[in-house]
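Got your viewer open? Here is a short walk through one model, stop by stop.

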Amino acid sequence: MSGDIRFYGAFKDELGLKTIPSRRIAKDTYEIFIGPQHPGSGHMRIIIKVDGDVIVEAEPDIGYVHRTMEKLGEIRGWIKPIPLFERMAIHDACNITLPYVRAVEKLMGVEAPERAKYLRVLLCEINRIAAHLYGFAIFGIFLGHSTMYMWAMGDREVWIELAQELTGARLTHSYPVPGGVRRDIHDEYPDMVRRAIRYMRKRLEDYRKLFLDNPVIKSRLEGVGVISKKQVVELGIVGPNARGSGVAYDVRLADPYEVYDQLDFEIPVFEEGDALARTYVRVEEIKQSMNILEQVVDWLEKHKGEPIIHESVSSKYGPVHKKVLQEQRRAKLLPLHATMKVPAGRAIGRGETARGEVIYYVESDGGLNPYRVRIVTPSARNAIAFKYALPGHKVMDLPAIYGSLDYFPPESDR
Amino acid sequence: MAPKPAVKTLPRRGSLIDGVKGNLQALIVGLKYFLDPKRFTLVYPKEYSKLPKGYRGFIILNKQKCISCAACARICPSAAMKMIRIPVKDPKTGKTRMKQYPVINYQRCIFCGYCVDVCPTEALYHVPYHDVVYENLSEMFWDLETFQKEPEYKTAKEGSPVKFLIHEEYGLIKVPAEEGG
């Protein structure tokens, strides 16, 4: 392996992860820069080396949308980073901020009331469906299947409408706050969710016929970009990409947060590890998310009028605050939230976003600002998959693999 | 009642017949939607979507209710809201004294609505629209006078309001809504 001769997947031997048969190749490989602008999900470059039409080496080049989230999180107090961290995965806003809120809650020693937990799960699952549909749309356009792009983007609108009805904003919800949530649902909301679920179930059947069972799509995805179970474990890949390779790892399963341990749902796992398996994981997850939503709205209907914000906040409510909470179903914040101090300590918040596990490490020195907020996002952990999934495939397969990994650069670069 | 992993198997590519069947299936779905496209277009300037009451649009100040606590300016994540000091005549004593009021810079505002939620007297409120156009950026710095009146919603004057409903069969449908901003 020294000198001028390279092998396919020669770099894999360092980890002992040999999946592609080694073959001697000539040294005159072409280097192609794919990105940072491409019709995909944001700014990210993949530097590939090709021998003829076959990718020999791939190097994901990240960092084009780095916005210093971690450092900015240290200068804005405790509640202001919530709208900031949403900007990492804007269409997955509740999922990506909830672990931060939970970490702060752990430091403060408060726990959100039961109804607030259900409301958080409600928005999390709406976000998850919307994010998967967004991923589908991008995947469709990557494969040149513009119908899928239009359909998925259009159906995502239904879920965005639901989120808007709940929170007042289409994407940047800023919904969970330490101690609870900001708004409650109105009486017609459960029926809206049920209608959306019934609609989406019908649409998924159409998706299956048009996209998933389509022989053209199938032949482009089957056996493409295989990541073995061992590779997934060694590289630390998370989320649907790990579950598509047979690793049954999901934070909702491993460390249930909020009310996920009281809900009845499945974590779909596929053994194959190819692009088709990863696609199917997402479809199954949409179905499971809809099952969760049904249970959640049933619960919310049965338990009307329960508190949505922790006692430590609601006990300080004045008459105006109480009136707003009753009439407009809005839990107001207190002026003390602006200059909140959190007891010194360290906390970790974990959560399962649409793309995998997100981890927040929050450290407080008892002051007005967090001392440190470390964020590990799922896409940051999945970026390495490009290096190992691409070699051995033709350049034509790159969009299929990129799309199936559902990589989202703003989330990865933070 | 707990999440559980479920290992599933992928439908594999089958024989030629399966391929033909799959292609036909996809074509039939395509044809179905060609004949009955379940879609609509919002003809924007002529129609506009009337957003629900809780929508987080532009933020307006009700000066009479303001108690100058500055909580809104302190909680603003993007530092869009600032307090200014203006002389106010006290009706009882007749003396002028300085009082603080918030002003907003809509170049910076991210419409998170924290200021509205934190206001202890509900002096700030959202209007349910956000598509207001300014000719230059300096107009987006609102002084105290501008901050007190709702911005002119020109779209409502030119177009007719519609609202979106979630429908089982069509996903979203648009229905005419009542007039008014």
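What follows goes from a sheet to the helices on it, then to the core.

A word first: this is a predicted model, where local features need pLDDT of at least 70, side-chain atom pairs count only at pLDDT 80 or more, and totals for chains, interfaces and linings use all residues. Residues are numbered from 1 along each chain as its sequence is written, with chains lettered from A and ligands numbered from 1 in the order in which they are written.

Start in chain B and pick the open sheet β2-β8-β9, a mixed set of 3 strands (strands are DSSP runs of E, at least two residues, and helices runs of H or I, at least four; pairing takes at least two bridges). Because β2 (47-49) and β9 (171-176) of chain B each have a single partner strand, they are the edges, with one side lacking a neighbour in the sheet. On average, neighbouring strands here are turned by 40° against each other, direction ignored (axes are lines fitted to C-alpha atoms).

Next, select β8 of chain B, residues 160-167: β8(B) and β9(B) pair antiparallel over 6 bridges. One spot to click is L165(B), whose bridge partner is I173(B).

Now add chain A. Helix α5 (146-167) of chain A packs on the sheet, touching β8 and β9 of chain B, at about 70° to β9(B); contact means C-beta atoms, placed from the backbone, within 7 Å. Helix α6 (189-212) of chain A also lies across β8 and β9 of chain B, at about 70° to β8(B).

Last stop: C115(B). Leaving aside neighbours within four places in sequence, its contacts include C72(B), I59(B) and L124(B).

Terms used
Axes are lines fitted to C-alpha atoms, for helices over the stretch in contact, and angles run from 0 to 180 degrees between N-to-C directions. Two residues are in contact if their C-beta atoms, placed from the backbone, lie within 7 Å.
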